[in-house]
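Subject: Structure for you to look at

Hello,

Here is the structure I said I would pass on. Please open it first, then read the notes below.

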There are 2 protein chains.
Amino acid sequence: MERDVCQCNVIHGDVVQRVQKQMPDELPIYDVSELFRVFGDSTRARMICALRIEEMCVCDLSALLHMTQSAISHQLRILRSARLVKARKQGREVYYSLDDAHIGEIFSIAFDHVTEERKGESNVLSLS
Amino acid sequence: MERDVCQCNVIHGDVVQRVQKQMPDELPIYDVSELFRVFGDSTRARMICALRIEEMCVCDLSALLHMTQSAISHQLRILRSARLVKARKQGREVYYSLDDAHIGEIFSIAFDHVTEERKGESNVLSLS
DNA sequence: TAAATATATGAGCAAGTATTCATATGAATA
DNA sequence: TATTCATATGAATACTTGCTCATATATTTA
């Protein structure tokens, strides 16, 4: 029963049932949120933005983003294990680049979203 | 100077400079990562998936997702303050629905991504 | 008006996380 | 071979966060 987790009565049983039938499976939803969780840190987001432009080594990323090599390396490990970046070793340097076509697309739409959002906000402000 | 945060020398000054010029501004990157951070929780992701299908009240969401009304309400507050859902009050019930066209699009691509990712993984496994 | 009901919210806690520091690894060079 | 340099990583820590519990608010109903 849902009763033991939801203190209130189920008001619209039909709605709940309909949505339940159309909901995606648990696992892909979990995977999607996991993907977004990785995107949801500004350091990693900046790294992805940088790597969208050009392949870079750890040291250059570190300099570009004004962060310690260690911090960058730790974050790269997270991006690597999420299969979002790939590493190419050349001598003692390691070059990183984006490993997926979707990433750029998702980021583009997200940028559109926040840009329009800001425009909307400024309109609201100018009206008040 | 970048030297004080990056222990190593800047190996490719030209690359760093090029990327620096093409990088998006700090603020929109922060906003984008903030957006993803909100998506990056499986409870909120499930709520968004549900609301993509149909407008729902708090109680129904609570029943659908097997979570307490309080937990759902707290998460709705986060989604609301990120302007991702809008609320419509009718009597003592509050109906929530998605407040943005981009959300669905972003989720669709993300679902494509994780689906292909899983396919790729199973290929890798079948080869080993 | 009093009770019941749907939702919102503050405080507290347990779990997770981003960074730093110290150090390991492995490749190039003197 | 010893040293230097780029990168990786474990441990510690400060900070964040999602949930629970208790309670407040607001609307309906008896």
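Two residues are in contact here when they have heavy atoms within 4.5 Å of each other. The model is predicted, and the notes concern how chain A and chain B meet.

By that cut-off, the contact takes 71 residues from chain A and 71 residues from chain B. The area buried between the two chains is about 6300 Å². Carbon and sulfur atoms give 70% of that area.

How are the two chains placed relative to each other? A turn of 180 degrees, with a shift of 0.0 Å along the axis, lays chain B on chain A with an RMSD of 0.0 Å. That is the relation of a two-fold axis. The same surface serves both copies, as 100% of the contact residues of chain B recur in chain A.

Next, the charged and polar pairs. There are six salt bridges between chain B and chain A. One of them joins Arg83(A) to Glu117(B), where the closest N and O atoms are 3.7 Å apart. Between the chains there are also twelve residue pairs in polar contact, with both residues at pLDDT 80 or more.

Which elements of chain B supply the side that touches chain A? Those giving at least two residues each are helix 1 (13-22), helix 2 (26-39), helix 3 (42-53), strand 1 (56-57), helix 4 (58-64), strand 3 (93-98) and helix 6 (101-127). Helix 6 of chain B provides the largest share, 14 residues. Sorted by class, this side of chain B has 38 nonpolar, 14 polar and 19 charged residues.

Regards

Methods
Residues numbered from 1 in each chain as written. Chains lettered and ligands numbered in written order. Predicted model: local features only at pLDDT ≥ 70, side-chain atom pairs only at ≥ 80, totals over all residues. Heavy atoms only, no water. Least-squares fit on C-alpha atoms with pLDDT ≥ 70 in both. Buried area = accessible area lost by both parts, 1.4 Å probe. Salt bridge = Lys/Arg side-chain N within 4 Å of Asp/Glu carboxyl O. Polar contact = N/O pair within 3.5 Å; in protein donor to acceptor, adjacent residues only side chain to side chain. Helix = DSSP H or I, 4+ residues; strand = E, 2+ residues; numbered from the N terminus. Nonpolar A, V, L, I, M, F, W, Y, C, P; charged D, E, K, R; others polar.
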